[in-house]
Amino acid sequence: MKKKYLIANWKLNHTKEKVIEYFEYLSHHYSPERNKEMVICPAFPFLSLLLEKYPSMVLGSQDVSSYHQGAYTGEVSAEMLSSLGVKYTLVGHSERRIYFHEKDEILKLKIGQCLKYGIQPVFCVGEGLKERKEGRHCTVVQQQLANVLDKDTCHRVMIAYEPVWAIGTGESATPEQIEEMHAMIRQYLFKQYSAREVAILYGGSVSRKNAEQIFSLSQVDGALVGSASLIARDFLALYQVL
Ligand code: PGA
């Protein structure tokens, strides 16, 4: 059976008390199932605390430096994350691309750093509303893949397809749109690099209302979840229908 993934992207949310409360809830109610990986990506300050207190939980970071080490104030390296036991990293989330102007060349370096230090990069791609309206969604996403991946890295990343217009809006892509894009991404990776086994997650307003339908789509290997991951009980409910 193919493995499925449910990744929580907490973004800039929660303080220490909330974080502990959340993990306490999970430690009483969550039992990991084979072939279903739950990953939580809190803000950087909580990673080390959580990994020490809840060593069986799988954690990811929301970003990583494109540099290895040196005079880069404020950065957190893949090697540091790896030394804590962090297993996953989001790379190229649209909020990083839009608000922090992260360009494809930087994302390529970040993926390189993750792979070098044994962290699983989850590479986020997705078109904006204007691009979707103009019918350019496939071209845009293919370009994002082409600019960042290569024959060595494409087999080792996971992809999160997140249409920008669906993130945080309460309006997820339709099942048809999701299937179309996931199939296109899969075909592209196979045609360009003979990569067959890449997990492709969907992200963008996944909630208890639509999760079952989205997870049942044949092209979908799981989800990257923002808002609906902020309350432990809600996120666990998503895991149960994954
Ligand atoms: P959302 O966020 O679930 O709140 O739409 C998803 C994401 O940004 O990864």
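In which helix is the place of Arg186? Arg186 sits in helix α8, and the close-ups below take us there and to two other spots. This is a predicted model, where local features need pLDDT of at least 70, side-chain atom pairs count only at pLDDT 80 or more, and totals for chains, interfaces and linings use all residues. Residues are numbered from 1 along each chain as its sequence is written, and side-chain values use heavy atoms, with hydrogens and water left out.

**View 1. Arg186 is a buried residue of helix α8.** Its relative accessible area is 18% (buried means under 20%, exposed over 50% and partly exposed in between, with a 1.4 Å probe and protein chains only). Skip its neighbours within four places in sequence, and Arg186 is in contact with Lys2, Ala195, Val198, Ile200, Gln219 and Asp221 (contact means heavy atoms within 4.5 Å). Arg196 is 10 residues from Arg186 in sequence, and the two are 7.3 Å apart in space, C-alpha to C-alpha.

**View 2. Helix α8 covers residues 175-193.** Helices are DSSP runs of H or I with at least four residues, strands are runs of E with at least two, and both are numbered from the N terminus. The 19 residues of α8 reach 27 Å from first C-alpha to last, close to the 27 Å expected at 1.5 Å a residue (the expected span is 1.5 Å times one less than the number of residues). Among its buried residues are Ile178, Met181, Ile185 and Leu189. What covers the buried residues of α8 includes strand β5 (120-125) and helix α7 (137-148). Just after α8 comes Ser194, with a positive phi near 55°.

**View 3. Helix α1 (residues 16-29) has buried residues and exposed ones.** On the buried list are Val19, Ile20, Tyr22, Phe23 and Leu26. They cover an arc of only 160° around the axis, which puts them on the same side of α1 (the arc is that of the directions from the helix axis to the C-beta atoms). An α-helix has 3.6 residues a turn, so residues three or four places apart point the same way. Flip to the other side of α1 and you'll find Glu17, Glu21 and His28 exposed. The buried residues pack against β2 (36-41), α2 (45-53) and α10 (232-241).

**View 4. Tyr99 is found in helix α4 (residues 94-99).** Tyr99 is exposed, with a relative accessible area of 57%.
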